[in-house]
Amino acid sequence: MTRQALEENCHRLGQRLALLYVANSPEFAEKVSFSAFIAASSEAELLCEDKGGCMHFNHRLMTPLADAELLLSAEASQTIRRMAGAAGVAEAGAEPHAAVS
């Protein structure tokens, strides 16, 4: 997914959360906030952009993610993987960079 697509998807998710929670939380849907977060993540090398313009998580994120699964129930882990569209943390950890999807 390109940086622009990631920003747009985050913005749409924020809008949906704002509709769900109807709290006075306008920061949910502010596109500038997502753009700044993605920029900061890129600067910290947590997100990397390949030659084709697709964003990828840095492999350093996969180890803590795999460790976090040890704390979750099997049902919670499965739900998170399904929602993220991932095949599994172990498989993603085997790649040098897991794609943002």
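**Close-up views of a predicted protein model**

**View 1. The whole chain at a glance.** The protein chain holds 5 helices and 3 strands, and the model shown here is a predicted one. Reading from the N terminus, you meet the elements in the order α-α-β-β-α-α-α-β. How much of the protein chain counts as buried? Of its 101 residues, 19% do. The accessible surface of the protein chain adds up to about 7200 Å², and carbon and sulfur atoms supply 61% of that surface. Now look at contacts in the protein chain with a separation of 6 or more: 48% of them involve residues 24 or more positions apart.

**View 2. Helix α1 packs with helix α2.** Two packed helices are described by the angle between their axes and the distance between the axes. Here, helix α1 covers residues 3-21 and helix α2 covers residues 31-43. Their axes lie 9 Å apart and make an angle of about 135 degrees. Why is α1 called oblique to α2? An angle over 145 degrees would count as roughly antiparallel, and 65 to 115 as roughly perpendicular, so the angle of about 135 degrees makes α1 oblique to α2. The crossing of these two helices, α1 and α2, is right-handed.

**View 3. The residues where α1 and α2 touch.** Which residues make this contact? From α1 come Arg3, Leu6, Glu7, Glu8, Cys10, His11 and Gly14. From α2 come Lys31, Phe34, Ser35, Ile38, Ala39 and Ser42. Sorted by class, the contact of α1 with α2 has 5 nonpolar, 4 polar and 4 charged residues.

**View 4. The loop between α2 and β1.** Find Ala44 and Glu45 in the loop that joins α2 to β1; strand β1 spans residues 47-49. Is Ala44 buried, exposed or partly exposed? Ala44 is partly exposed, because its relative accessible area is 41%, and the partly exposed class runs between 20% and 50%. Ala44 and Asn58 are 14 residues apart along the chain, and their C-alpha atoms are separated by 9.9 Å. As background, most residues other than glycine have a negative phi. Glu45 has a positive phi, near 60 degrees, and is a residue other than glycine.

**View 5. The loop between β2 and α3.** His59 sits in the loop between β2 (55-58) and α3 (62-69). With 45% relative accessibility, His59 counts as partly exposed. How far apart in space are His59 and Leu47? From C-alpha to C-alpha they are 9.4 Å apart, with their positions 12 residues apart in sequence numbering.

Technical notes:
Residues numbered from 1 in each chain as written. Predicted model: local features only at pLDDT ≥ 70, side-chain atom pairs only at ≥ 80, totals over all residues. Heavy atoms only, no water. Axes fitted to C-alpha atoms, helices over the stretch in contact; angles between N-to-C directions. Helix = DSSP H or I, 4+ residues; strand = E, 2+ residues; numbered from the N terminus. Parallel < 35°, antiparallel > 145°, perpendicular 65-115°, else oblique. Left-handed = near helix turned anticlockwise from the far one by under 90°. Contact = heavy atoms within 4.5 Å. Nonpolar A, V, L, I, M, F, W, Y, C, P; charged D, E, K, R; others polar. Buried < 20%, exposed > 50% of the residue type's maximum accessible area, 1.4 Å probe, protein only. Areas by Shrake-Rupley, 256 points an atom, 1.4 Å probe, with all protein chains shown as cover.
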